[in-house]
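Let's take a walk through a protein chain together, starting with the overall layout and then moving to a few charged side chains. Keep the picture open as you read.

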Amino acid sequence: MKLNSKGQVTIPAALRARHGLHEGDEVDVVEEGGALRIVRVSGAETRGQRLVRHMRGRGGAKQTTGMSTDELMELLRGE
């Protein structure tokens with residue numbers, strides 16, 4: 001790996017997959033005995049938690065169509 005001009009490195013995809021690291025995950029760089037370790041920030045939201053928070057409240061029929069689920073089903077069924 002090479003350090004770029006901004007001090008950034010790219011963690012290889014195989015290592016990210018093996019350790020469950022995803023885009024947006026928070027990590028810290030910790031110095032231990034003259035070496036640097038990359039560690040996941042404890043208590044940080046997981047990728048799934050961020051996705052759920054982002055999507056919460058976006059799937060309701062009322063929000064997207066102005067109709068309740070029952071009204072939408074009635075329309076679709078032709079009742």
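Before we look around, remember that what you see is a predicted model. Start with the big picture: the chain has four helices and two strands. If you trace the chain along its sequence, these elements come in the order α-β-β-α-α-α.

Now for the surface. The chain has 79 residues, and buried ones make up 5% of them. About 7000 Å² of the chain is exposed, with carbon and sulfur atoms supplying 52% of that area. What about contacts between residues that are set apart in the sequence? Take the contacts with a separation of 6 or more: 11% of them involve residues 24 or more positions apart.

Next, let's turn to charge. Side chains of opposite charge can pair when their charged atoms come close. How many salt bridges does a search of the whole structure find? It finds two, and we can visit them one at a time.

One of them joins Asp25 to Arg40, with their closest N and O atoms 3.3 Å apart. This pair ties together distant parts of the chain, as its partners are 15 residues apart. Find Asp25 in the loop between helix H1 (13-18) and strand E1 (27-32), then look for Arg40 in strand E2 (residues 35-40). Are these two partners buried or exposed? Asp25 has a relative accessibility of 16%, so it counts as buried, because the cut-off for buried is under 20%. Arg40, on the other hand, comes out at 44% and therefore counts as partly exposed.

The other salt bridge brings together the side chains of Arg37 and Glu32, and here the N to O distance is 3.0 Å. Check how open each partner is. Arg37 has 42% relative accessibility, so it is partly exposed. Glu32 has a relative accessible area of 39%, which means that Glu32 is partly exposed too.

Let's finish with another arginine. Where is Arg16? Look in helix H1. With a relative accessible area of 33%, Arg16 is partly exposed. Leaving aside residues up to four places away in sequence, Arg16 touches Thr10, Ile11 and Leu21. Try picking out those three neighbours in the 3D view, and then go back to Asp25, which sits in the loop between helix H1 and strand E1.

Definitions and conventions:
Residues numbered from 1 in each chain as written. Predicted model: local features only at pLDDT ≥ 70, side-chain atom pairs only at ≥ 80, totals over all residues. Heavy atoms only, no water. Salt bridge = Lys/Arg side-chain N within 4 Å of Asp/Glu carboxyl O. Buried < 20%, exposed > 50% of the residue type's maximum accessible area, 1.4 Å probe, protein only. Contact = heavy atoms within 4.5 Å. Areas by Shrake-Rupley, 256 points an atom, 1.4 Å probe, with all protein chains shown as cover.
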